[in-house]
Amino acid sequence: MSDFVVIGGGIAGVAAAAHLAPHGSVTLLEMESSLAFHTTGRSAALFVVNYGGRASRPLALASQPFLEGPPEGSADGPLLSDRGALWVADEGQADQLALIAGDGVASGAGSRIVQPDEMLEMVPALRPERIAGGIYEPTARDIDVAALHQALVRIARGNGAEIRLSTPVTGLAAIGNRWRVSTPDQTIDCTAVVNASGAWGDRIAALAGVEPIGLQPMRRTAFMVPGDQSYSRWPMVVDVGDEWYFRPDGVQLLCSLCEEKPAEPGDPRPDMEDVALAIERINQATTLQIRSVSSQWTGLRTFAPDRELVIGEEPTAPGFFWLVGQGGTGIMTSPGYGALIAAQVLGLPLPEDLARAGADPARTSPTRFR
Ligand SMILES: Cc1cc2nc3c(=O)[nH]c(=O)nc-3n(C[C@H](O)[C@H](O)[C@H](O)COP(=O)(O)OP(=O)(O)OC[C@H]3O[C@@H](n4cnc5c(N)ncnc54)[C@H](O)[C@@H]3O)c2cc1C
């Protein structure tokens with residue numbers, strides 16, 4: 001018996017567990033033999049408010065205090081480090097630039113329009129003939145994802161949560177006002193289940209007899225190329241058309257094609273054609289002359305049909321809570337949505353800091369699909 005069962009040990013599951021554990025007994029079940037094996041361990045590790053669905057931006061803003069000052073004893077060092085993000089546009093991309101600039105101002109991230117001269121000062125490797133203008137978000141930062149995940153695990157465990165690895169959930173049944181969660185070895189009864197299973201979200205719902213949301217996992221590949229110490233102060237550089245990005249990572253550059261290719265839940269591997277195309281595009285836009293790759297990986301960014309997060313109780317199945325559809329923003333928003341899902345499971349009002357940041361639970365509620 002446990003008050004709450006959380007399914008999934010990625011960032012979403014541990015964020016839920018950390019926020020629920022002070023209020024009741026929590027059991028987190030993860031099918032893999034290690035936590036963060038899937039999408040959480042494969043991100044680009046950025047905190048960029050002006051990115052993703054409209055509903056995720058307040059959650060990113062609300063996550064900032066935790067990321068800047070995690071609770072005492074939960075982290076051994078800072079979770080964020082300075083970076084900045086620079087969107088670059090060529091002559092033909094003025095409309096996209098205007099759109100992102102509008103969003104940037106509205107999102108409260110302090111974004112501003114920058115001219116080519118300033119852009120070249122920030123990133124001398126940009127080709128002057130390819131840039132007509134840009135947007136700079138000074139508050140964008142790198143996240144130490146492993147440390148953030150670990151901080152949430154420490155908070156959860158410190159409050160008594162039990163985390164079981166190599167424990168796939170194989171069945172879910174509503175019995176009276178409780179849920180019975182089955183694994184190959186045991187059953188656990190609880191009052192609420194949190195479905196934080198990422199790309200598997202609709203499959204977990206199917207086990208519970210709950211109608212799917214229509215979640216779509218999308219492949220995205222990232223790769224490292226050898227760099228140089230002089231790159232280390234550059235901001236992340238993003239094409240406004242979302243065709244490529246790169247950012248320094250130590251003395252390497254982390255690069256991506258920004259592709260979105262539908263996939264089944266699983267453990268995807270990189271397609272070297274995507275890597276080659278990203279290199280071609282980045283080389284066209286810069287003087288980097290990338291020729292070799294030191295490592296590459298692919299993760300699944302999972303989206304709801306409207307590309308907003310899905311957070312809250314399933315209206316057709318009381319006690320079954322969704323925490324899925326984080327797409328490309330699930331790391332930076334995790335302290336915020338952890339607090340939101342906990343309030344919903346506990347039947348509490350929207351926490352004040354989330355309300356102040358502009359979070360609107362109706363926009364992320366699964367009810368919008370029913
Ligand atoms: C290339 C790339 C770049 C990205 N960059 C960023 C970024 O810069 N900033 C950002 O905020 N986000 C970024 N993201 C997105 C972010 O990584 C995701 O939104 C986030 O990791 C999703 O976390 P999750 O916990 O929902 O999923 P996951 O980490 O996939 O966790 C789900 C877990 O559920 C488990 N599970 C599934 N089925 C079962 C079952 N039956 N029983 C038990 N366990 C089960 C899985 O094993 C898995 O561990 C990026 C993603 C990619 C791929």
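Modeller: Let's settle one term up front: a helix here is a DSSP run (H or I) of at least four residues and a strand is an E run of at least two, both numbered from the N terminus. Also, keep in mind that this is a predicted model.

Colleague: Okay. What makes α3 and β15 a helix and a strand in the lining of the second largest pocket?

Modeller: α3 runs over 94-106 and β15 over 236-239, so they meet the cut-offs of at least four residues for a helix and at least two for a strand. Along with α2 (56-68) and β19 (295-303), each supplies at least two residues of that pocket's lining. The biggest share comes from α3, with 4 residues.

Colleague: Which residues sit closest to the centre of that second largest pocket, and how many line it?

Modeller: The lining has 29 residues, and Y51, G52, R57, I100 and D242 are the closest to the centre. The space inside is about 550 Å³. By class, the lining has 8 nonpolar, 11 polar and 10 charged residues. G52 goes with the polar ones, because Gly is counted there.

Colleague: Why is the other space, the largest cavity, called a cavity and not a pocket?

Modeller: Because a 1.4 Å probe fits inside a cavity but cannot get out, whereas a pocket is open. The search of the whole structure turned up 1 cavity of 30 Å³ or more. The largest cavity, at about 40 Å³, clears that 30 Å³ mark. Its lining includes H38, T39, W200 and P268, and splits into 4 nonpolar, 5 polar and 1 charged. R42 is in that lining, and Arg counts as charged.

Colleague: On to the ligand. How do you know that E30 makes a polar contact with the ligand?

Modeller: A polar side-chain atom of E30 lies 2.6 Å from a ligand oxygen. The cut-off is a pair of N or O atoms within 3.5 Å, so this pair qualifies. Backbone atoms join in as well: a polar one of A12 is 3.0 Å from a ligand oxygen, and a polar one of A44 is 2.9 Å from a ligand nitrogen. E30 is also among the residues that come nearest, with T40, L46, I331 and M332, out of 37 around the ligand.

Colleague: What makes β9 and β20 edge strands?

Modeller: β9 (162-164) and β20 (310-313) each have a single partner strand, so one side of each has no neighbour in the sheet. That open sheet has 6 strands in the order β9-β2-β1-β13-β21-β20, with mixed pairing. On average, its neighbouring strands are turned by 15 degrees against each other, direction ignored.

Colleague: How do you know that β1 and β2 count as paired?

Modeller: Pairing needs at least two bridges, and β1 (residues 4-7) and β2 (residues 26-29) have 4, in the parallel sense. In that pair, V6 stands opposite L28 in β2.

Colleague: And what makes β11 and β12 a pair?

Modeller: They are joined by 4 bridges and run antiparallel, so the threshold of at least two is met. R180 faces D189 of β12. Both strands belong to an open, antiparallel sheet of 3 strands, ordered β10-β11-β12. The edges there are β10 (171-175) and β12 (187-190), each pairing on one side only.

How values were computed: Residues are numbered from 1 along each chain as its sequence is written. This is a predicted model: local features need pLDDT of at least 70, side-chain atom pairs count only at pLDDT 80 or more; totals for chains, interfaces and linings use all residues. Side-chain values use heavy atoms; hydrogens and water are left out. On a 1 Å grid over the protein atoms alone, a cavity is a set of points where a 1.4 Å probe fits but cannot get out, and a pocket is an open set with protein on both sides within 12 Å along at least five of seven lines; lining residues have an atom within 4 Å of a point. Grid points are joined across faces, edges and corners, and a volume is the space filled by probe spheres set on the points. A residue is near a molecule or strand if one of its heavy atoms lies within 4 Å of it. A polar contact is a pair of N or O atoms within 3.5 Å; within protein, one must be able to donate a hydrogen and the other to accept it, and residues adjacent in sequence count only if both atoms are side-chain atoms. Axes are lines fitted to C-alpha atoms, for helices over the stretch in contact, and angles run from 0 to 180 degrees between N-to-C directions.
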